[in-house]
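Visitor: I'm new to this one. Can you walk me through it?
Guide: Sure. Here it is.

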Amino acid sequence: MNRYVLARLGQALLVLWAAYTVSFVVLYALPGDPVSLMFGSESSDVTPAQLAALRAQYGLDQSLPVQYATHLGAALRGDLGSSVVLHRPVAALIAEAIPPTAAIAAAAFVLALLVGGALAIVATLTRSRGLSNALLGVPPLGVAIPSFWFGLMLVQWFSFAHPIFPAVGNKGFSSIVLPAVTLAVPTAALIAQMLSRSLQHSLRQPYVDTARAKGVGPVRVHFRHALRNASLPALTVTGLVVGELLAGAVVTETVFSRPGIGRLTATSVTAQDIPVVQGIVLFAAAVFVLVNLAVDLLYPLLDPRIVRHSKAARSQPATAQAAPTLEPATAGV
Amino acid sequence: MTELLDDVTATSKDRFADALRERQDEQTRGRLAWLLDILRKPGLLVASVWLALILAAAFAPQLLAPGDPLVGVPADKLQAPSSAHWFGTDQIGRDLYTRVVHGTHLTLEAALVAVGVGLLVGAAVGLLAGFVGGVFDDVVMRIIDVLLSIPGLLLSLALITALGFGTIKVAIAVGLASVATVSRIMRSEVLRVRSSVYVEAAHAGGSRWWSVLFQHVLPNASGPVIVLAALQLGAAILAVSALSFLGFGAPPPAPEWGALVSGGRDYLRTSWWLTTLPGLTIALTVLAAGRISRALDRHEGNDA
């Protein structure tokens, strides 16, 4: 058991380091550095000497490997550098932006789980083929709708035409509703697709036949037998779902003019504020890694087979195996 | 819109029968099967017609909307949809329908470039990783795993920060962000094909590795990747228009779809058509692309 935990921890750290390296390569090794991006072509009032001084201040005059080593060393001590535009530490900027994003992301997650889960359960439980097909037709719709547009439609209906919820801002519970709904739509679609596939698979298993043969009713078969087994594979994509929520926040927070990680991302990309963008990419990777770590550690408690398998074959983590199945799952139905 | 969803009415039994029938008839009917398949399913037909219209709008916008997308008649500003202005007019009297039609070129071109970049780079990486194997494969797949741990939109945004703004840069960023997904699928296909008897036979028969790679492995492994391409087109249109909505695409007067939705934001209270209709166009196009990719998927015999 301890070995399992240690192996997962080691993998998580490795992924974080690799994510740091990838973001460094994208943001620093590609042509253009923060200083020339900011003062580059359009402004002529900055002399080359001043540019050089600025580069020296940010350590950009050094060779890439040296920069990489310095930045990585600082990052290990928790220092992600400071914003070139706002002149404040990146870590503080991100920390400030977490609570409002966490509020809508958590609300959206719960909503998506309820709606997506209910949709998958009803679609597989019902005897009416028409209802089942109609319900299974909803997720592709949810994936196809641009969320920035859907958010604006919600504002139009529920803030302007029928003033129920505020259109913008971050004041109280009612301001969370519309952003959370916007954020929840693609996530709910993803969960519904995953879970309905997984449920359909479970319902074809022999243990379901056995339960039915013993006279267990359809609802009990569904919830006690099929759903409990079907939710395990769905659990492994939690990390991806959370990542999608974080990415969705960029658009949602822009639409509703809310503060948060997404808004910080959008403004930093607009200002080409490289240290902040790198900090956010790293933050997203860290969230993904932490969620997956939590899932990996919870998994053996829910499904004892995992530990036995991993001890026997030292197999890949559950999440690594689940990842490839996700793409076709979002593609299909 | 319900017609577009028609596809899902095929039950698993029907699907199996369909797949069986298609496979039996494939050799005799060839390309004809594809046409008949379209005619048999109204949802697929609607999706194909819609996508054909979108393609026409992209490559010959003057046919569908002869007006100028950048010049408006100030007297006609903010008019609701009518027979004169199908999608209404914007704040400086430009015809929104004309702008949507002419913007198709920008958005679709960006989406196609994104899919092309993603497919080319992704397929090359996946092909090499699967074919070479060993340590190379291990290292490449670990990097792919890391890329998958960063949400696609954030990866695109990081690339845009480094590359700069503009339609083509956005397209390249979206394409590169999808490389991980494509290469993963390509690699698993290559691994499947590589272990097949005919590849073994080709090796045993003395074929050089590159001829095995290009004559046997690539053609047989590319089926699922082509299906993925159709699906990626929808995803790329969504990603490109989201980034253009955020303001990273072409600069203002250009009628990119995402930028059109964003431009209508300030008039949301009074002029619903300015956001609703361009957004609806995006949604329908993505739906149509998804519908067609599912049909391709079935054609490939990859029924789930």
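Guide: One term to begin with: helices, written α, are DSSP runs of H or I with at least four residues, numbered from the N terminus. Read along its sequence, chain B goes α-α-α-α-α-α-α-α-α-α-α-α-α-α. Keep in mind that this is a predicted model.

Visitor: How many helices and strands is that for chain B?
Guide: Chain B has 14 helices and 0 strands.

Visitor: And what does chain A have?
Guide: The count for chain A is 16 helices and 0 strands.

Visitor: How much of each chain is buried?
Guide: In chain A, 45% of the 333 residues are buried. In chain B, buried residues are 48% of 304.

Visitor: What about contacts between residues far apart in sequence?
Guide: Take contacts in chain A between residues at least 6 apart in sequence. Of these, 73% join residues at least 24 apart. For chain B, residues 24 or more positions apart make 69% of the contacts with a separation of 6 or more.

Visitor: Which domains is chain A divided into?
Guide: Domain 1 covers 16-90 and domain 2 covers 94-316. Where they touch, domain 1 of chain A gives 15 residues and domain 2 of chain A gives 15 residues.

Visitor: Which elements supply the domain 1 side?
Guide: α1 (2-29) and α2 (34-39) of chain A each give two or more residues to that side. The largest share is from α1(A), with 5 residues.

Visitor: What classes of residue are on that side?
Guide: The domain 1 side has 11 nonpolar, 4 polar and no charged residues.

Visitor: Let's switch to the two chains. How many residues are in contact?
Guide: 53 residues of chain A are in contact with 51 residues of chain B. Several helices of chain A supply at least two residues each, among them α1, α8 (147-161), α12 (238-255) and α16 (318-331). The largest share of the chain A side comes from α14(A), with 8 residues.

Visitor: And the classes there?
Guide: The chain A side that touches chain B divides into 38 nonpolar, 11 polar and 4 charged residues.

Visitor: Is there a general tendency behind nonpolar groups?
Guide: In soluble globular proteins, nonpolar side chains tend to be buried together.

Visitor: So how many residues are in the largest nonpolar core here?
Guide: That core has 173 residues. Ala284(A), Leu154(B) and Ala158(B) are among those with the most contacts inside it. Helix α5 (residues 96-132) of chain B gives the largest share, 17 residues. Domain 1 and domain 2 of chain A each add at least three residues to this core.

Visitor: What does Ala284(A) touch?
Guide: Leaving out residues up to four places away in sequence, Ala284(A) touches Gly243(A) and Leu246(A) in chain A. From chain B, Ala284(A) touches Ile150(B), Pro151(B) and Leu154(B).

Visitor: Now Ala266(A). Where is it?
Guide: Ala266(A) is in helix α13 of chain A.

Visitor: Why does Ala266(A) count as buried?
Guide: Ala266(A) counts as buried because it has 20 C-beta neighbours inside 10 Å, and the cut-off is 20 or more.

Visitor: What is Ala266(A) in contact with?
Guide: Apart from neighbours within four places in sequence, Ala266(A) is in contact with Val250(A), Thr254(A) and Leu246(B).

Visitor: One last helix. What can you say about α4 of chain A?
Guide: Helix α4 (residues 64-76) of chain A has 13 residues. From its first C-alpha to its last it reaches 18 Å, close to the 18 Å expected at 1.5 Å a residue. Gly78(A) follows α4(A), with a positive phi near 90 degrees.

Definitions and conventions: Residues are numbered from 1 along each chain as its sequence is written. Chains are lettered from A and ligands numbered from 1 in the order in which they are written. This is a predicted model: local features need pLDDT of at least 70, side-chain atom pairs count only at pLDDT 80 or more; totals for chains, interfaces and linings use all residues. Domain bounds come from an automatic or database domain assignment. Two residues are in contact if their C-beta atoms, placed from the backbone, lie within 7 Å. Ala, Val, Leu, Ile, Met, Phe, Trp, Tyr, Cys and Pro count as nonpolar, Asp, Glu, Lys and Arg as charged, and the others, Gly among them, as polar. A residue is buried if 20 or more other C-beta atoms lie within 10 Å of its own, exposed if 12 or fewer, and partly exposed in between; C-beta atoms are placed from the backbone. The expected span of a helix is 1.5 Å times one less than its number of residues. A nonpolar core is a set of buried Ala, Val, Leu, Ile, Met, Phe, Trp, Tyr and Cys residues joined through C-beta atoms within 7 Å.
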